[in-house]
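Q: Please take a close look at how the inside of this protein is packed. I would like one connected account.

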Amino acid sequence: MLQQQSALLSWYWLLLLLAPAVGALCCAGRWIATRRVLLLAGGTLAGFCWAGLIAHWHLRETLPADWEGRDLTLIGTIASLPQPVERGVRFHFAVERQVSVPESEAAIPKRLALSWHAGDEEELPRLAPGERWQLTVRLRQPHGNANPHGFDHEVWMLERGLRASGYVRPDRKNALKNSRLDDFVPGAANLVERSRGWLRERIEQALAGRPYAGVIVALVIGEQRAISQSDWEIFNRSGIGHLISISGLHITMIAGLAAAAFGALWRRSFFTDAQLPLRLPAQKAAAAAGLMTALLYVLLAGFGVPAQRTLYMLAVVTAALWLGRLTNVSAVLCGAVAIVVLLDPWAVLWPGFWLSFCAVAIILYCTVGRVPEPPADESTPRARLMPVLRAAARTQYAITIGLVPLTMLLFGQISLISPIANAVAIPLVSLLVTPLALAGSVAPGPLCDGLLLMAHAGIAGLAWMLGGLSALPGAVWGMPLPSTAAFLAALAGTLWLLAPPGWPQRWLGLVWLLPLALTAPSRPNPGELWVTAFDVGQGTAVLIETHEHRMLYDTGPAYSEDGDGGNRVILPYLKARGIDRLDLMMVSHSDNDHAGGALSLLKALEVERVSSSMPHDHEIARRARRHERCEQGRSWSWDEAHFDLLYPSPEQYERKKAKPNHRSCTLRIRLGEHVILLPGDIESAQEAELVRTMGDDLRATVLFAPHHGSGTSSTPPFLEAVRPALAIFQIGYRNRYRHPKEEVYRRYGEFGIRRLRTDASGAITLRFGREMQVAEYRATDARYWHKRQPRSDGAAPAVQAPAD
């Protein structure tokens, strides 16, 4: 493997060295078209090779698989702002050396993502960026849930240089105690993070208990994790999510103010006789001061892509000014794009990159080279203000229309109230709230509290207005993600609509938008059945689709107070497909790993009815439009598929001491010769009852492993009765229950059953028609940064250490 990587690395270097030769040929080309083709080929070749080299550089550190789950004592520094979570904290850790196994120091990646949770009788110490700690940790290789249209956690970690994740072991479970060694380790990165932590602490103290303190923190230091999911929903539905961070507009404003102030002082030689303008023109000094202010602000912002874009554009302008070179705005934008992808090739994978640069490109397209309006009478303030308002309205119109194709491609929805919301939010946030928040975060004593409270009042008023707007019917228009052809047609249509006045028949651009508006959700053909087993970690969530109907069997686990399998995995998939309604949601039982995402889905979707084994006073049952008890003997047909509930029997509900697992809704789906069996978390006693009452009628093509392959399920008589061709294990990577149990997993193999597991395959899609088609997401959408898993139907996995 190392020899293959070395050979590939050599090819990257060779091709990268060939790129300048291609560029030299461009200069020698006699025809402009030839030169442009050669330039494009050389640039593409150089970009491909550079991205490959950067990937090799980041992937060179890999935690060995046999080191996963072992106790390791490390010394290093807190390298990020600690993020509070439920009963714990998360942070990045820069490893300096190992203590427990010094001879294998090279095996540990230099940067880790760690979590530290408090035990029942343990109080967590307060962590601050830049501190040096000795910690005993358990690590694992980068791994995230892999689902269509879902968040790719593994590339997120790769982009940040995090090549392993893990958790801190409690003191009572390790010989070497966790201890702080130094209060601060000098270094530029540590100083920046400590400064960000100081600003966050001041804001949180001044706004303690205030609902929008997290928004003020985001505006000052770019840290958005304290904003609640409900607030994000309002901001995104109203189309102002781009403002709830340090945006390019904020950075440009601060840099401009700094440049103006410094330039004025420079012209006056800081009120001395130094005659500084004779040594360096004030314009150059002001530009440098503005750039340095922008750099400081961007560092405090966490160096996000929108902030980078603005910084690099300012850097290009400043360089052109200092070098005496004229440049145009399109060259400035292209230079900023080049710098961003040069430093971070993975930036192109995130929506922020495309939205940020495309918004600026649309503004340039609609303004550069256009004939300005004749000057108006400036004798009155109203006359001077009207041209400004008209220009702002045209800019907002251009951005709103111009970003429609991209927004639909990335998110599958656009906010119809966005123009109104932005017309209020942009001046309020940029000209009032942000300056107050910035001034308040550094101001002394009582002045700090007063300024921050004023900023918070502005955000609170804005949130109240946006809440009313976003609750309006039709505030958001959602559609399935468009095809490439529909997107390109819509892009051409928007460019036609935004063309300069005088362009022939600009209204024809609306015709090119029709393919985008007419995109229909995909669905099975008559006589087909689609089944999608989501990768939700340790939990179950299965979408079943016929030609006219859709149902969801279980909803995945709850990960945190605001995050669960419903809103993190299932809902993004449904929105991307244009699905906003379910005919049935079946929640097999009340355990978190099966019911954790139900409330999020009931809030976001129209669910016709809910079936479960939970009592009618359970919160999920109370939130449902219509709730019914799943019970043996119930059956129904959708299109050509027939559904039967095999368990629990009415007697099970009379047993007051029965565990939720013992009442798991067991569903059988039959389409022609194909049968799918979803047994939930039934255990050996329930399996025996099914075998006794149904016998050969249990035969199935696909079996979802009962209780995720635990040692209390999948008994030999049950597997003998079902005899599936395929078994699916919905499990979390290195889960603390050690599911599937080694002996159970091996048992399936001994019966000749093909085995797939979501921790290795990602989401698994089954399509039933005349034949059964199986697709594994990690195979069909493989990426070089994804963790390489052994084949899902291979030998039984090694025993895993529990995750505590």
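A: Here is a walk through the interior, from the cores to a buried serine and then a cavity. Keep in mind that the model is predicted.

Start with the largest nonpolar core. It has 64 residues. Those with the most contacts inside it are Val 215, Ile 216, Val 220, Phe 235, Ile 240 and Ile 459. Helix H16, residues 445–470, gives the most to this core, with nine residues. Val 215 shows some of the packing. Not counting residues up to four places away in sequence, Val 215 touches Ile 227, Phe 235, Ile 244 and Ile 459. There is also a second, separate core of 30 residues. Tyr 553, Leu 645, Ile 669 and Ile 676 are among its members. Nonpolar side chains tend to be buried together in soluble globular proteins.

Now a polar residue. Ser 600 is found in helix H22, residues 598–604. Ser 600 counts as buried because its relative accessibility is 19%, and the cut-off for buried is under 20%. Leaving aside neighbours within four places in sequence, Ser 600 is in contact with Asp 564 and Asn 567. With Asn 567 there is a side-chain to side-chain polar contact of 3.3 Å.

Last, the empty space. A search of the whole structure finds one cavity of 30 Å³ or more. The largest cavity holds about 100 Å³ of space. It is lined by 15 residues, and the closest to its centre are Thr 540, Gly 680, Phe 704, Ala 705 and Gln 730. By class, the lining of this cavity has eight nonpolar, six polar and one charged residues.

Definitions and conventions: Residues numbered from 1 in each chain as written. Predicted model: local features only at pLDDT ≥ 70, side-chain atom pairs only at ≥ 80, totals over all residues. Heavy atoms only, no water. Core = buried A, V, L, I, M, F, W, Y, C linked by side-chain atoms within 4.5 Å. Buried < 20%, exposed > 50% of the residue type's maximum accessible area, 1.4 Å probe, protein only. Helix = DSSP H or I, 4+ residues; strand = E, 2+ residues; numbered from the N terminus. Contact = heavy atoms within 4.5 Å. Polar contact = N/O pair within 3.5 Å; in protein donor to acceptor, adjacent residues only side chain to side chain. 1 Å grid on protein atoms, 1.4 Å probe; cavity = no way out; pocket = protein on both sides within 12 Å on 5 of 7 lines; lining within 4 Å. Points joined across faces, edges and corners; volume = space filled by probe spheres on them. Nonpolar A, V, L, I, M, F, W, Y, C, P; charged D, E, K, R; others polar.
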